[in-house]
Amino acid sequence: MTARADTTAQELLRLGGVTVRFGASGRPALDVVDLDVTAHEIVCVLGPSGSGKSTLLRVVAGLQQADAGQVLLEGRDQSGVPTHRRGVGLMFQDHQLFPQRDVAGNVAFGLRMRRSSRADQERTVAELLDLVGLPGAQRRAVASLSGGEQQRVALARALAPRPRLLMLDEPLGQLDRGLRERLVVELRRLFHELGTTVLAVTHDQGEAFALADRVVVMQDGKIAQTGTPLEVWQRPATEFVARFLGFDNVVEATVQGDAAVTPWGKVPVPYGTLDGPCRLLVRPASVRLTPVPEGLPCTVAARTFRGTHVALLLQPTGGPQVEAACALRDAPEVGQRVGIAFAARDVVVLDAAA
Amino acid sequence: MAVPLAFFALFFAYPVVAIVGRGLKDGGQWQLGRFGAVLSDPDVVHVLWFTVWQAAASTGLTLLIALPGAYVFARFDFPGKQLLRAVVAVPFVLPTVVVGSAFLALVGRGGLLDDLWGVRLDTSVWAILLAHVFFNYAVVVRTVGGLWGQLDPRQEEAARVLGAGRFAAWRRVTLPALGPAVAAAALMVFLFTFTSFGVVQILGGPTFSTLEVEIYRQTADFLDLPTAAVLTMIQFVAVLGVLALHAWTVRRRESALRLVNAAQTARRPRGGGQWALLWGTLAVITVLLIVPLVVLVERSFAGPDGYGAVFYEALRSAAAADSTFAVAPLDALWNSLAYGAAATVIALVVGGLAAAALTLPQLRRGPSGRTPVISRFVRGFDVLLMLPLGVSAVTVGFGFLITLDKPPLDLRSSWWLVPLAQALVGVPFVVRTMLPVLRAVDGRLREAAAVLGASPWRVWREVDLPMVRRALLIAAGFAFAVSLGEFGATVFIARPDRPTLPVAVARLLGRAGELNYGQAMALSTILMVVCAGALLVLERIRPIDQSGEF
């Protein structure tokens, strides 16, 4: 892994204009996708099901032929290179462990394919099983493993041949919440320790944000936004991204100076926002409850207890519903009348084009 | 793909085309008018009609009787199951001539039923139908039962929990999953009975005759090659039609199945109904399959001076069998074993490659479902592989003789001629047994192996092969068995000093005298024992489970 330090600046994976179409008609599963992944980087592709994320991985692995565009690994064009010569790893969504082999047989599979010595295989298997927290599981039957254990074996199997790029398809999709949160932390630590380059896809934003150095949001086979988890979370580029992240307070607005005119009245916008029509995201955190006469009058339509706070759904007298967050102690009851005011801090101007 | 194609082109298409051409060509001109002449013959029409309806009736009857048996073998655990499974397969590998004789001894004039109750069936079509059931019981039990045992019973349980009754759950969940296997079994039975030769020849007498019998009569008795060629073509087209129909019905139903270890799904029967089913099946097997075999064994020991091994001792010397044999009849045993082993290897290689080639495009196709040209071609190939089952073995054997006798393909004196012809019949079994299981392997497992660095060949070896090992063994058993029992083609091409068991039996049966008849029965008994032994060995070999791979 250290040998690659001098090539860090270069893209390990580069997709150029990759397009995949299923069937003659209809929209493409991947629509002219450009994506670079630098060595040692962890990139997470985030998107709803059907957005083309899995197809993306299959194209890189060579399991799916691209109709147009290029896949470059370490600068070399991969068209015509069959899957087994690409030197990438792929962890399948449902693991796809070989049922007729035991744990060691699964983990050592990739090593056997590269004709490692028996001793090497045994050592690597033992090391990896230690690493994923299943020491001594070599002889266990795959069928006897729990979901979480299968997950770890699948990971060890994908890591064993030291792929130059490790791809994960919904890596934690089928696990229960507690295990998931623990594994995300473990995985991130592990990948950084090993210096593994990772391309993962998921529909779970929590997973993506916790795991990734960089997040790529996909919509209908196109890349909607790329950035660090913080960037994407703080400044969703489009209405689609904002809504996918769970923000529903998006309205038509016209910016004039330091405020925007919206169906909810005037909403302050961050300094330096250009004048003109746009879509505006108002985060629930920027919605402040006030006494009725001081703000926009609303009726509480619903309240949901979220553990750390209470989510409120408010119906103003005019305009669409507003989502707000407040502490449990201050939360009004359903049907109660409240006033709301907006703070500029958590207001985001979205791409006018979207 | 290239190997199976070349194999079929050279050893199947070429001989058959050559012999048909010889029959239908006159001075370089095709004489297609002969079709009309032959088809307007009322005798031929009668033969055609009988061939079709007796095949349909035999298939229906076999399914009716054997499907409960398939269930019993798949789901129940009982003492002696292994042995019984092998016993059930024995009739299938017996030479048709012997099966005919055994039934004649059972239901014919002076037969067991005649002696006991004065019942005779040899003048009715029932003898033929029962002999066909006797023959093909194993086909249904093996093909359907093999898959049935590997179906996850929890699928049915899921349906029960959702409110389906016991029968509804079976009909809605298990039956559709079994569909392809049932269709495959039914197709095989239909083909076998459609082209039935030995059984009909002996039990049918002058009244009942199938196409294959008619082809043999025209070729061997009347040397009327043109009529034989026309009949061969008719049989060929009919078989092609059946195969196409089958491919069409199977294609819309084959799906990825959840397969589990068959040993885990079988349990001791519980409750009166299940015990009754088990005993009923055992009774059917006893009456229909074991009694004829016992009669056969009894005949082989019933010497002129009471019971004894007289006939067996006579087998050891060439002299005792007068001038029929240049060698001792017992040598036929070693010939058969060697030919059978070689034919099995050829059939497994050719059939295995073909089955692998037939499943590969699914891997290449991916979820998009494109490449229609390739898949259409592959489907055609699928049907082609089944053809040897339906084309007259007599024609193939005779075709071998007239085509493979000139350089560079002068195989007439080659030892390999017989195994090649026998493998031709074995390949369809290998393909048919392996294809459903191969197609049921989850494609993503193959992808997982490919991503881990396995080449396509390695993927097949590492993923498909371990999963189909059991199917492969069953296929090997079938291929070996049909090679041992193959008669129609072998009788034409086996050299006089190297007869196989069935050929020796037929020669002995063809000669008058109690000694010859007794020796035939003795040789048949030996053949039966060899087949039962081979099948029992296969039954014992189990797939190595989870931990044993390396």
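Which residues does B:Leu527 touch, not counting residues up to four places away in sequence? In this predicted model, the residues touched by B:Leu527 are B:Leu94, B:Leu484 and B:Leu501. B:Leu527 belongs to helix α24 of chain B, which covers residues 514-540. The residue is buried, as 25 other C-beta atoms lie within 10 Å and the threshold for burial is 20 or more. B:Leu527 and B:Val90 are separated by 437 residues in sequence, yet their C-alpha atoms are 9.4 Å apart in space.

A second helix of chain B, α3, spans residues 42-75 and contains 34 residues. From its first C-alpha to its last, α3(B) reaches 49 Å, close to the 50 Å expected at 1.5 Å a residue. The helix nevertheless bends by about 35° at B:Ala66. A proline, B:Pro68, follows the bend within four residues.

The contact between the chains involves 24 residues from chain A and 22 residues from chain B. On the side of chain A that touches chain B, β6 (88-91) and α3 (109-113) of chain A each contribute at least two residues. By residue class, this side of chain A comprises eleven nonpolar, nine polar and four charged residues.

Chain A has nine helices and 20 strands. Of its 354 residues, 42% are buried. Among the contacts in chain A with a separation of 6 or more, 65% are between residues 24 or more positions apart.

One sheet of chain A is open and consists of four strands in the order β2-β1-β4-β5, with antiparallel pairing. Strands β2 (30-38) and β5 (76-77) of chain A occupy the edges; each has a single partner strand, so one side of each lacks a neighbour in the sheet. Strand β1 of chain A (residues 11-20) pairs with β2(A) in the antiparallel sense through six bridges. Within the chain A sheet, A:Val20 stands opposite A:Leu30 of β2(A).

Strand β8 of chain A (residues 198-202) provides an example of an enclosed element: five of its five residues are buried, so the strand is largely enclosed by the rest of the structure. In a regular strand, side chains alternate between the two faces of the sheet. For β8(A), both faces are covered, with A:Val198, A:Ala200 and A:Thr202 buried on one side and A:Leu199 and A:Val201 buried on the other. Strand β3 of chain A (residues 42-46) runs parallel to β8(A) and is joined to it by five bridges. A:Ile42 stands opposite A:Val198 of β8(A). Strand β7 of chain A (residues 165-169) also pairs with β8(A) in the parallel sense, over four bridges. The bridge partner of A:Met167 in β8(A) is A:Leu199.

Backbone conformation was also examined in two loops of chain A. Most residues other than glycine have a negative phi. A:Glu74, although not a glycine, has a positive phi of about 50°. This residue lies in the loop between β4 (68-73) and β5 of chain A. A:Glu74 has 16 C-beta neighbours inside 10 Å and therefore counts as partly exposed. A positive phi, of about 45°, is likewise found at A:Glu170, which is not a glycine. A:Glu170 is located in the loop between β7 and α6 (177-194) of chain A. With 19 other C-beta atoms within 10 Å, A:Glu170 is partly exposed, because burial requires 20 or more.

How values were computed:
Residues are numbered from 1 along each chain as its sequence is written. Chains are lettered from A and ligands numbered from 1 in the order in which they are written. This is a predicted model: local features need pLDDT of at least 70, side-chain atom pairs count only at pLDDT 80 or more; totals for chains, interfaces and linings use all residues. The expected span of a helix is 1.5 Å times one less than its number of residues. The bend at a residue is the angle between axes fitted to the seven residues ending there and the seven starting there. Two residues are in contact if their C-beta atoms, placed from the backbone, lie within 7 Å. Ala, Val, Leu, Ile, Met, Phe, Trp, Tyr, Cys and Pro count as nonpolar, Asp, Glu, Lys and Arg as charged, and the others, Gly among them, as polar. Two strands pair if DSSP finds at least two bridges between them. A residue is buried if 20 or more other C-beta atoms lie within 10 Å of its own, exposed if 12 or fewer, and partly exposed in between; C-beta atoms are placed from the backbone.
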